[in-house]
Amino acid sequence: MKKITIAIDGYSSCGKSTMAKDMAREIGYTYIDSGAMYRAVTLYALKNGLFRDGKIDVPELESRMDDVRIAFKTDPATGRPDTWLNGQNVERDIRTMEVSGHVSHIAALPFVREAMVRQQQAMGREKGIVMDGRDIGTTVFPDAELKVFVTASPEIRAQRRYDELKAKGEQVDYADILCNVEQRDYIDRNREVSPLRKAADAIELDNSHMTIAQQKEWLMEQYHKACAE
């Protein structure tokens, strides 16, 4: 069966990453979490004091972008790829509410997007990849053979995020998370560079009321159709 590129885009907390990871493992493809890359840049900015009074020191971050080295390494215990930043595993650190509250502002910076897109395109040059994010089917891989756009209501996405963070032992408030989800949606849709939008040839998946098993069955059906074309 020919190798293809699979682009999964959509709103935050739609379960895109879990969906894409499982699919990649099922079909033997490489999984790349583009959102984790922007979260890693955000973590770098936070750790290095580049947020001052809630604002990003844009010139300083731009001057340091060559120092931001992101890689994905498979965790032998889980079989899933973890995000590494400058030689350190930051998979857990990049999923905090602090990072979530700042990532859309970082991701809206043109020089950050340009740097990440270059890395993503290099990772996918040989095909046989599943990549999820906000602009994979529109900007990173406009020629991807299979494009999926995932959506769900803000309330359902906030509940999923709340449950995920509570399961990790974090003290969080549902109202704060819902506010964060809605703010990220607005920023992602309205940013100047590569705004979140459904590609003209993408297939929409509203998973508000779908089980993981139903999603998997639907995705595999789309995958086999794309490979047969």
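I would like to begin with a pair of helices, α1 and α9, the latter covering residues 212-228, which pack at an angle of about 55 degrees with their axes 11 Å apart. Since angles of 65 to 115 degrees would count as roughly perpendicular and those under 35 degrees as roughly parallel, α1 and α9 are therefore described as oblique to each other. The crossing in which α1 passes α9 is right-handed. On the α1 side the contact is made by M19, M23, E26 and I27, and on the α9 side by Q215, K216, L219, M220 and Y223. Sorted by class, the residues in this contact of α1 with α9 are 6 nonpolar, 1 polar and 2 charged. Please keep in mind throughout that what we are looking at is a predicted model.

Let me turn from there to the sheet on which α1 packs. In what order do the 5 strands of this open sheet stand? The order is β2-β8-β1-β9-β10, and the pairing is parallel. At the edges we find β2, residues 30-33, and β10, residues 203-206, and because each of these has a single partner strand, one side of each is left without a neighbour in the sheet. From one strand to the next, the twist averages 20 degrees. If you follow β1 on the screen, you will see that 5 bridges join it to β8, residues 129-133, and that these two strands run parallel. One residue to pick out here is D9, whose bridge partner in β8 is G133. Helix α1 packs on this sheet and touches β1, β2, β8, β9 and β10, while its direction makes about 180 degrees with that of β8. Helix α2 also packs on the sheet, where it touches β2 and β8, and its direction makes about 40 degrees with that of β2.

Between β1, which covers residues 5-10, and α1, which covers residues 16-27, there is a loop, and S13 lies in it. Is S13 buried, partly exposed or exposed? With a relative accessible area of 21%, S13 is partly exposed, and I would add the caution that the cut-off for buried is under 20%. Apart from residues up to four places away in sequence, S13 touches R157, R160 and R161. As for P59, which is 46 residues from S13 along the chain, the C-alpha atoms of the two are separated by 30 Å.

Now I come back to α2, residues 34-47, and to its packing against α4, residues 97-107, where the angle is about 105 degrees and the axes are 8 Å apart. That angle makes α2 roughly perpendicular to α4. The residues that α2 brings to this contact are Y38, R39, V41, T42, L43, A45 and L46, and they meet E98, V99, S100, H102, V103, I106 and A107 in α4. By class, the contact of α2 with α4 divides into 9 nonpolar, 3 polar and 2 charged residues.

There is also a sheet with 3 strands, again open, in which the order is β5-β6-β7 and the pairing is antiparallel. Its edges are β5, residues 70-74, and β7, residues 88-89, each with a single partner strand, so one side of each is left without a neighbour in the sheet. Strand β6, residues 81-85, is joined to β5 by 5 bridges, and the two run antiparallel. Within this pairing, A71 stands opposite W84 in β6, and K73 stands opposite D82 in β6. The hairpin of β5 and β6 has 6 residues between the strands, and there G79 takes a positive phi near 75 degrees.

Finally, which residues link this part of the model to α2? A36 lies in helix α2 and is buried, with a relative accessible area of 0%. Leaving aside neighbours within four places in sequence, A36 is in contact with F72, T83, I94 and R95. The C-alpha atoms of A36 and W84 are separated by 9.5 Å, although the two residues are 48 residues apart along the chain. T83, for its part, lies in strand β6 and counts as buried at 1% relative accessibility. Not counting residues up to four places away in sequence, T83 touches A36, A40, I70, A71, F72, Q88, N89, V90, E91, I94 and R95.

Technical notes. Residues are numbered from 1 along each chain as its sequence is written. This is a predicted model: local features need pLDDT of at least 70, side-chain atom pairs count only at pLDDT 80 or more; totals for chains, interfaces and linings use all residues. Side-chain values use heavy atoms; hydrogens and water are left out. Two strands pair if DSSP finds at least two bridges between them. Helices (H or I, at least four residues) and strands (E, at least two) are DSSP runs, numbered from the N terminus. Axes are lines fitted to C-alpha atoms, for helices over the stretch in contact, and angles run from 0 to 180 degrees between N-to-C directions. Angles under 35 degrees count as roughly parallel, over 145 as roughly antiparallel, 65 to 115 as roughly perpendicular and the rest as oblique. Contact means heavy atoms within 4.5 Å. Ala, Val, Leu, Ile, Met, Phe, Trp, Tyr, Cys and Pro count as nonpolar, Asp, Glu, Lys and Arg as charged, and the others, Gly among them, as polar. Buried means under 20% relative accessible area, exposed over 50%, partly exposed in between (1.4 Å probe, protein chains only). A crossing is left-handed if the near helix is turned anticlockwise from the far one by less than a right angle, and right-handed if clockwise.
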